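Q: Please take a close look at one helix-helix contact and at the aromatic rings found there. A connected account of the geometry and the residues would be appreciated.

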Amino acid sequence: MSQINASLSRRSFVRAAFAGLGVVALGGLAACGNDAAKSAAGSASASSTLTVAASPAPHAEILTKFAAPKLKEEGIELVVKEYTDYIQPNKDTTSGAVDANYFQHTNYLKNYNKENGTDLVSAGAIHYEPMAVYAGKSSDLENIADGARIAIPNDPTNEGRALLLLQDQGLIKLKDPENLEATPNDIAENAHNIEFQEVEAAAVPRALGSVDFAVINGNYAIEAGYHVKDALAHEQAGSTAVEQYANLIVTAADKKDDKNVAALVKVLQSDDFKAYLEENYGEDVLPA
């Protein structure tokens, strides 16, 4: 009986030992599984998303073709949402529906904040699009006919900008020659009795066929297939306009120091970006 008991004891010991090894093995596998899960989680957290609202051209083009690949190298996925107006992008930036936007200049931003009680801020100046005068039914700007009709944007900042350009061409004189928010009511001299057709900025290119001339924002000119080199007149480097109308990356005040927004601005202020603009847009889009 004692031998049988001893034999049973040895078998029990072996079974227990193998069971223990199994527990250890399973524990090791579980640990490996946890490490893999942690690694996957860490990898996921290393990449993040930045959503930016932008006008189709050149802003969305620039973001998609140039900025997105650069940011991807830094683990940031850039999502671009296109807008064809100047109001909704700021609304969505304020609400947090997007992280930032890229379509407007300093004076438009200041005016928007003032009229809407918002506190959107610039995270950086990126590029400048010269505003230009394009031929409609007439192409002789120097010998403009009396009563000629000129289409201009109707929003406060871009209308003033258009009138400043026409003043630079000697076609009108403003009461305050440096008024960035002038309207036709602020014209002191209009020797040619020019009639102004005030329309939404996006609609100015479409009005070109029914007026003698049109002053078109750079982004809408590009979308419509017009280029500065073909314009009758345009803003010159060194003018007040160049300083005042650089396009910005704009975000909510609490995101001004966001690392992803800062990464985007850095990419769009690089020497590589300057070279990209020159190669793809020439005079139409200049680095700020």
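A: The following account treats the packing of two helices and then the aromatic rings at their contact.

The model is predicted. Helix H2, residues 56-72, packs against helix H10, residues 271-281, at an angle of about 135°, and the two axes are 12 Å apart. H2 and H10 are therefore oblique to each other, and their crossing is right-handed. On the side of H2, the contact is made by Pro58, Glu61, Ile62, Lys65, Phe66 and Lys70, while H10 contributes Asp272, Phe273, Tyr276, Leu277 and Tyr281. Sorted by class, the contact of H2 with H10 has seven nonpolar and four charged residues, with no polar ones.

The aromatic residues deserve separate attention. The structure holds nine aromatic pairs. In one of them, the ring centres of Phe66 and Phe273 are 5.3 Å apart and the planes stand at 50°, so the pair is tilted. Because Phe66 lies in helix H2 and Phe273 in helix H10, this pair ties together parts that are 207 residues apart in sequence. Phe66 and Phe273 are both buried. A further pair joins Phe273 to Tyr276: their ring centres are 6.3 Å apart and their planes are at 20°, so this pair is stacked. Both Phe273 and Tyr276 belong to helix H10, where they are three residues apart, about one turn of the helix. Phe273 has 1% relative accessibility and therefore counts as buried; Tyr276, at 14%, likewise counts as buried. Finally, Phe66, Phe273, Tyr276 and Tyr281 form one aromatic cluster.

Terms used. Residues are numbered from 1 along each chain as its sequence is written. This is a predicted model: local features need pLDDT of at least 70, side-chain atom pairs count only at pLDDT 80 or more; totals for chains, interfaces and linings use all residues. Side-chain values use heavy atoms; hydrogens and water are left out. Axes are lines fitted to C-alpha atoms, for helices over the stretch in contact, and angles run from 0 to 180 degrees between N-to-C directions. Helices (H or I, at least four residues) and strands (E, at least two) are DSSP runs, numbered from the N terminus. Angles under 35 degrees count as roughly parallel, over 145 as roughly antiparallel, 65 to 115 as roughly perpendicular and the rest as oblique. A crossing is left-handed if the near helix is turned anticlockwise from the far one by less than a right angle, and right-handed if clockwise. Contact means heavy atoms within 4.5 Å. Ala, Val, Leu, Ile, Met, Phe, Trp, Tyr, Cys and Pro count as nonpolar, Asp, Glu, Lys and Arg as charged, and the others, Gly among them, as polar. Rings of Phe, Tyr and Trp (its six-membered ring) pair if their centres lie within 6.5 Å; planes under 30 degrees apart count as stacked, over 60 as edge-to-face and the rest as tilted. Buried means under 20% relative accessible area, exposed over 50%, partly exposed in between (1.4 Å probe, protein chains only).
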